[in-house]
Amino acid sequence: MSIPAIPAGLPPKVGVLGGGRMGAGIAHAFLVKGSDVIVVERDQEAADAARGRVEDAVGKSLARGLAGRAADYTSRLSVTTDYASFGDRELVVEAVPELWDLKVSSLRAVEAELGNGAVLASNTSSLSVNGLADELDRPQDFLGLHFFNPVPASTLIEVVVGNKTSEPLAAAARDWVEALGKTAVVVNDAPGFASSRLGVAIALEAMRMVEEGVASAEDIDNAMVLGYKHPTGPLRTTDIVGLDVRLGIAEYLHEILGERFAPPQILREKVARGELGRKTGTGFFNWS
């Protein structure tokens, strides 16, 4: 069996800044569709861990029926700590944590290395794309590409168009999503976009229900899974995303949109105790 040819319209050379769970998933998405992918991490230890995550994701895809051998894909993967390696990339997706100052400094550092016409995208799930664009020299070449966790299994990418995003770029981004075998939801920049705003609103109300003793976390999630056909409930999804990530998004939306996004005390307390969800072994559920 031969590996598939790169789909028309997909950038042949892609970069990803940050090789955590999301960044590794994004790298995997482009890699298995034929792109040459470079992942840049902060130090060698993080780079080694990132490579392991991507290779593990490729291995799981092969086990599920992806054509070819692992080497067919991993031979097109580079992981480094050198930002200059982004110099020949046609698209770079930033996937660092949801901290404003970190996002801005990271995007500026990447933009400084990109060639003319290269596209820079942020995987932010809530921060203002317009605000980030204002910090860049080429805002017309910038937009949001919000991938969903876990990236290999998710069929959705939110394309967030800023006020200064060029129309050809917005159209190209939709083509990229289709070439990745996923579906694009196109939204104009607004607090929380569409997905995070709705998802966080539901999750925060579910947390308040636990806090008030309305029902257990398991029963609340089952109500949404069985009654509304959610693939996972809002609390289990929060555990997968990370309670610290959800808290950060809620605090941002609270500041912009008001009290309906005020983080419940139960969320603040769990984060303070280090109960961050699946990545720490416990959150609203026990993952050990």
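In the predicted model, the side chains of Arg208 and Glu205 form a salt bridge, with an N to O distance of 3.2 Å. Both residues belong to helix H7, which spans residues 195-211, and their separation of three residues corresponds to about one turn of the helix. The two partners fall into separate accessibility classes: Arg208 is buried, at 18% relative accessibility, whereas Glu205 is partly exposed, at 40%. Arg208 is assigned to the buried class because its value lies under the 20% limit.

A second intrahelical pair occurs in helix H2 (residues 44-63), where Asp56 and Lys60 are four residues apart, again about one turn of the helix. Their side chains meet in a salt bridge at 3.4 Å, N to O. Here both partners are partly exposed, with relative accessible areas of 43% for Asp56 and 46% for Lys60.

A salt bridge of 3.0 Å, N to O, is also found between the side chains of Arg273 and Glu275. In this pair the acidic residue is the buried one, Glu275 having a relative accessible area of 18%, while Arg273 is exposed at 52%. Arg273 counts as exposed because its relative accessibility is over 50%. Beyond these pairs, Lys13, Asp36, Asp88 and Arg89 are linked in a network of salt bridges. The count for the model comes to 18 salt bridges. Side chains of opposite charge can pair when their charged atoms come close.

A further charged residue, Glu94, is located in strand E4 (residues 91-94) and is buried, with a relative accessibility of 0%. The side chain of Glu94 makes polar contacts with two other side chains, that of Lys103 at 2.5 Å and that of Ser122, also at 2.5 Å. When residues up to four places away in sequence are set aside, the contacts of Glu94 comprise Leu17, Lys103, Leu107, Ala121, Ser122 and Asn123. Both polar partners, Lys103 and Ser122, thus appear in this contact list.

The largest nonpolar core contains 39 residues. Ile26, Phe30, Val37, Val39, Leu145, Phe147 and Trp176 have the most contacts inside this core. Helix H1, formed by residues 21-31, gives the most to the core, contributing seven residues. In soluble globular proteins, nonpolar side chains tend to be buried together. Outside its neighbours within four places in sequence, Phe147 contacts Met22, Ile26, Phe30, Val93, Asn123, Ile157 and Leu180. Asn123 is therefore listed among the contacts of Phe147 as well as those of Glu94, each contact being defined by heavy atoms within 4.5 Å.

Two backbone features were also identified. Most residues other than glycine have a negative phi, and most peptide bonds are trans. The peptide bond joining Asn149 and Pro150 is cis, with omega about 0°. Pro150 is placed in the loop between strand E6 (142-147) and strand E7 (156-161). Lys229, a residue other than glycine, has a positive phi, near 65°. Lys229 is situated in the loop between helix H8 (217-228) and helix H9 (234-241). At 68% relative accessibility, Lys229 is exposed.

Methods. Residues numbered from 1 in each chain as written. Predicted model: local features only at pLDDT ≥ 70, side-chain atom pairs only at ≥ 80, totals over all residues. Heavy atoms only, no water. Core = buried A, V, L, I, M, F, W, Y, C linked by side-chain atoms within 4.5 Å. Buried < 20%, exposed > 50% of the residue type's maximum accessible area, 1.4 Å probe, protein only. Helix = DSSP H or I, 4+ residues; strand = E, 2+ residues; numbered from the N terminus. Salt bridge = Lys/Arg side-chain N within 4 Å of Asp/Glu carboxyl O. Polar contact = N/O pair within 3.5 Å; in protein donor to acceptor, adjacent residues only side chain to side chain.
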